[in-house]
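I opened this entry to look up a few helix positions and the confidence values. My notes follow in the order I took them.

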Amino acid sequence: VDRTHGARPDRLRLREPGPRDLALGRARGGGAHGRDRAQRPSEPAQQLALAAVAAGMAYASVCASAPVLTLGLQGALALLRGVPLLLLIFALAQITTLPLAATGFVALMLYSLSHVGETFRSYLTSYPTVLREQARLLTVSPTRELLTLRVPWVFRKSLDTLGTHWISLLKDTGALTVLGI
């Protein structure tokens, strides 16, 4: 915003963004108070939450459909849930050759997946048989039943648990910042 010389001070004239403004990301609505991608500290937490929900739902549906075959996977994620986050970050940093930021992202995603996946698995296996039978009576295909009935039911039932986990995840991304990741 430029103040025009000789104009009333309460009237402001908008100026077109220059090349320096475009390079700094202040073209439209950016800048210190805008929506720059670098300005949002909760963005990694949002990405982790979405990735954990997608991977957790895939894990839950596989474990619910074949519980005996996935005992090894369930045991591995149960072990992962017991490992403190900082220890997981340091172990991944020693084992992999990923950059430190990617290591922190992968560690948080695995940590989140172990909690979110188990939450989804427990609610998916406790889906009422009455609702499943009603879907069969209405001749709903198993895939459509999963997507339109079971997944929304699981999300509704697990919302408070997921909210608690996401608050914890938001705090953990701050711990990564303190570590310099």
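**Helix positions and confidence**

I began with the contacts of T119: leaving aside neighbours within four places in sequence, T119 is in contact with S158 and T161. The model I am reading is a predicted one. I placed T119 in helix α5. Is T119 buried or exposed? Its relative accessibility is 13%, so I entered T119 as buried, the cut-off for that being under 20%.

Next I took T103, which also has its place in helix α5, a helix that covers residues 100-125. T103 comes out at 2% relative accessibility and therefore counts as buried. Which residues does T103 touch, not counting those up to four places away in sequence? I listed I89, L92, A93, T96 and L98.

I then went to helix α7, residues 142-157. Where in α7 does the kink lie? I found it at R150, shortly before the proline P152, with a bend of about 35°. R150 is also among the buried residues of α7. The others I noted as buried there are E145, V151, W153 and V154.

Last, I checked confidence. The chain has a mean pLDDT of 78, and 75% of its residues reach 70 or more. Over residues 29-39 the pLDDT is below 50. How many contacts does this stretch have in the model, beyond near neighbours in sequence? I wrote down 14 for residues 29-39.

Technical notes
Residues are numbered from 1 along each chain as its sequence is written. This is a predicted model: local features need pLDDT of at least 70, side-chain atom pairs count only at pLDDT 80 or more; totals for chains, interfaces and linings use all residues. Side-chain values use heavy atoms; hydrogens and water are left out. The bend at a residue is the angle between axes fitted to the seven residues ending there and the seven starting there. Helices (H or I, at least four residues) and strands (E, at least two) are DSSP runs, numbered from the N terminus. Buried means under 20% relative accessible area, exposed over 50%, partly exposed in between (1.4 Å probe, protein chains only). Contact means heavy atoms within 4.5 Å. pLDDT is the predictor's confidence in each residue, from 0 to 100.
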